[in-house]
Amino acid sequence: MTKWVFSFGGGKADGRTDMADRLGGKGANLAEMSALGLPVPPGLTIVSEACSFYYQNAQNFPDGLKAAVVEGLQRLESLTGRKFGGGDHPLLLAVRSGARVSMPGMMDTVLNLGLNDETVLALAKDTGDARFAWDSYRRFIEMYGGVVMGLGHDIFEEILEDEKARLGRELDTDMTAEEWQGLVARYKEMLTEETTASFPEDPMAQLWGAVAAIFASWMNPRAITYRLLHNIPADWGTAVSIQAMVFGNLGNSSATGVAFTRNPSTGVKELYGEFLVNAQGEDVVAGIRTPQSITEKARIETGSDRPSLEKLMPDAFKEFMTVCKRLEGHYLDMLDLEFTIERGKLWMLQVRPGKRTAKAAMRIAVDMVEEGLISAADAVDRIDPSSLDQLLHPTIDPTARRDVIGSGLPASPGAASGEIIFTSEAAIAANKEGRKVILVRTETSPEDIHGMHAAQGILTTRGGMTSHAAVVARGMGLPCVCGVGALRVDMRNRELVGPGIKLREGDIISIDGSSGHVLKGYQPMLQPELSGDFERIMAWADRIRRMRVRTNAETPADARAARAFGAEGIGLCRTEHMFFEGDRINVMREMILAETVDERREALDKLLPMQRADFVELFEIMHGTPVTIRLLDPPLHEFLPKSEEEIDEVATRIGMQPFQLRERIDALHEFNPMLGHRGCRLHISHPEIVEMQARAIFEAAVEAARKTGEAVVPEIMVPVVGLKAELDYVKARIDEVAKSVIAETGMAIEYLVGTMIELPRAALRAHVIAEVAEFFSYGTNDLTQTTFGMSRDDAASFLPTYIQKGIIERDPFVNLDFDGVGELIKIAAERGRRTRPGLKLGICGEHGGDPSSIAFCEESGLDYVSCSPFRVPIAKLACAQATIRNGKKR
């Protein structure tokens, strides 16, 4: 029988931290803290399977769930001495979502649940604070009306602001109990008018309404978008934690806050966080009020004149520091904590691994190794390889003139320039047009996630370092500046206004997420240098990983960049890219348009020295490492002019009538060029092309070897092979050229001839093809296309729909399809090595830089992966993690 509910509290817990798949990260960690004896408000967690059942059964709760929740509430009443739904000491509940991985702000929460017209009076009497009771009641109606009854926050905010203006109140804290009571009555009237439904007075009805709404929030647009961005499966569902309320808004001896045990932006070992006096937790992360620093050191550094928690509530601060140290020692990680202080008593509301920048992740991992908390392998294994992209973000040139128009909090590092855009919709539209924008908001909300993803950076005029904008921007690797109080967003006129400045939508600004500065106009940027902690992590990764990491490169600049990042060779040099540069395209066109073999050879003779020079430079840059060169792959018509103007120009240059050129272009046209006259098919039709390229490779190998003193062993890759006979024919041409060059130069040349496995037939017949091929390189871009029978250029029009409707979990052109394409990879590996033991196997498609695909390559026994130059560090780290995790499986 399924256990639907797990209880925690009173120093005991049914669950533990390793049960996040059922209890969600929140529920599992609340259970863990309870079991450790820490001050955690008691509660219960509904397992994520209940959410899955809810969606699979027409949004009905499973049998037995309600009874289990009632039983859990009875235990909660016993632990707290309070009664849910009545009595002199009413029990109020916090109902929160909790997926197995953190999804900050993506799903819903309801606080103060259980209040109604009767329990609010009991709460006022119980606490001796009527103002607090009515304030909590209006907060509950706001949340319940928004989350459960579907009204926007703006409608509540408008009523509140109107009422404050009528009463002459500037701040929420200025409102009296009677004034909050009047606002509650207005809220209820509005709910009836807007929804044709009354606000529910029955606390149990409130509870099940909230649980259903939280399950529903798993499928809201922002949660779906977040899951797509972070590859979180939709069928995981969310757990729901139901917890006794503790109150940070019970006067000036109460507070609520969010903290990290180390700085999430820099990784420095110091408590980092913010709090608000007389507030509830949502006030901190919502950015509605600018919070105060927890430590005195941070208060001084930010220049705040408001007291720190350390000074204001020293006893609670001291206890909180002890809890932080204990939890970090227990979890062996930097942690994100939420806490409430109720009339001087500390309560822990949440603990989870803290989201951090890549720079901070490196620093924290290295420091924890030095502190003896974790091993080097642990340090390597805990860093998200994809987060290394953040380390490649530009920074503003320090020598540039800075026209600073405002300063805020440095919420997420990096820098960006772009047009001011005030709405997420406008940011998305601009992104589709190729325009770079900065999303400027008073404060962001979870609904802004689409626009944040489309922007180069985020600027908010309110909020702190733990606001929604800050947390989400750090997770996305976007620069972000928060709390720029000197600037104001005027949405009516679409302007950003500050002292002596008025900027309109479309004007250019720059933000510096490391300093918190906002600057007028574009700023020159500097690329970062990778060193220190990054180098230590990479050195540990290099010692651990089994697979080698090569790069896809055909230009000297790419090769040098990849070598600087530690690439161990070139896994794919696409020779066709070399023919598009400068005057080469004209010579290439002469070769394509030649009507006889002699004319074609004449044009190829012109290309030979160009191609040879390219290879010499690549061999010199990559000396001592393997270089795999793919022979000409695309169909010839790709090199020919497209527009009428280009056709006229090319015809004049080569002495041909435009109509003749058009006829030749038409003759080369193919209905499906991806499956047409390309790759080895082209080489068989025109072997003189292969002969030219092979000669360029071998002559370059000789020249580079003489210059560097190191032998060059080129790996020549024949593309689009489906038949052994195709490879036999092309390899014979290559071998003949090799013999000629060896005879001419008097220097022995070692080389390998292999093929790209990019057709299902090649994978299935790998045991036969391996009789000739000396290596296989999986071209997973085309292998995915030919396996699925879909064009990656056109699939973008329907793959998002497939993912949204659960047809597939991920885009197979981004993350390798393990079941189909992966099966072909395994078949080719096993059959190829059966024929040729020790056959070298690599992957050179875009998947070579994708961490999940790299893990598959490790499991499949490949020798190397190859990726774009700037993904080399990501691939190296992912290879090391794959080695670690594959070793644990054995």
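Here is a short conversation about how some labels in this predicted model are earned.

User: Happy to look at this with you! Why is Ala470 called buried?

Analyst: Ala470, found in helix H18 (residues 468-476), has a relative accessible area of 0%. Buried means under 20%, so Ala470 is buried.

User: And what makes Asp605 exposed?

Analyst: Asp605 has a relative accessible area of 54%, and the label exposed asks for over 50%. Asp605 therefore counts as exposed. Asp605 lies in helix H22 (residues 597-621) and belongs to a patch of negative charge on the surface, together with Glu595, Asp598, Glu599 and Glu602.

User: How do you know that Arg82 and Asp126 form a salt bridge?

Analyst: Good one to check. Their side chains meet at 2.6 Å, N to O, and the cut-off is within 4 Å, so the pair is a salt bridge. The two residues are 44 apart, with Arg82 in the loop between helix H3 (65-80) and strand E4 (83-84) and Asp126 in helix H4 (residues 119-127).

User: Why are Arg82 and Asp126 called partly exposed?

Analyst: Partly exposed is the range between under 20% and over 50%. Arg82 has 31% relative accessibility and Asp126 has 24%, so each one is partly exposed.

User: What makes Glu703 and Lys707 a salt bridge, and how are they placed in helix H26?

Analyst: The N to O distance is 3.3 Å, and a salt bridge needs within 4 Å, so the pair qualifies. Because they are four residues apart in helix H26 (residues 687-708), about one helical turn separates them. Glu703, at 31%, is partly exposed, whereas Lys707, at 54%, is exposed.

User: Where do the side chains of strand E32 point, and are they buried or exposed?

Analyst: In strand E32 (residues 775-778), Phe775 and Ser777 point one way, Phe776 and Tyr778 the other way, and all are buried. That fits a general pattern, because side chains in a regular strand alternate between the two faces of the sheet.

User: How do you know that E32 pairs with E31 and with E33?

Analyst: Two strands count as paired when at least two bridges are found between them. E32 has three bridges with strand E31 (residues 752-757) and four with strand E33 (residues 840-843), so both pairings pass. Each pairing is in the parallel sense. Tyr778 stands opposite Ile757 of E31 and opposite Ile843 in E33.

Methods. Residues numbered from 1 in each chain as written. Predicted model: local features only at pLDDT ≥ 70, side-chain atom pairs only at ≥ 80, totals over all residues. Heavy atoms only, no water. Buried < 20%, exposed > 50% of the residue type's maximum accessible area, 1.4 Å probe, protein only. Patch = residues over 30% accessible without salt bridge, like charges linked within 9 Å, V, L, I, M, F, W, Y side chains within 5 Å. Areas by Shrake-Rupley, 256 points an atom, 1.4 Å probe, with all protein chains shown as cover. Lys, Arg positive; Asp, Glu negative; His and termini not counted. Charge placed at Lys NZ, Arg CZ, Asp CG, Glu CD.
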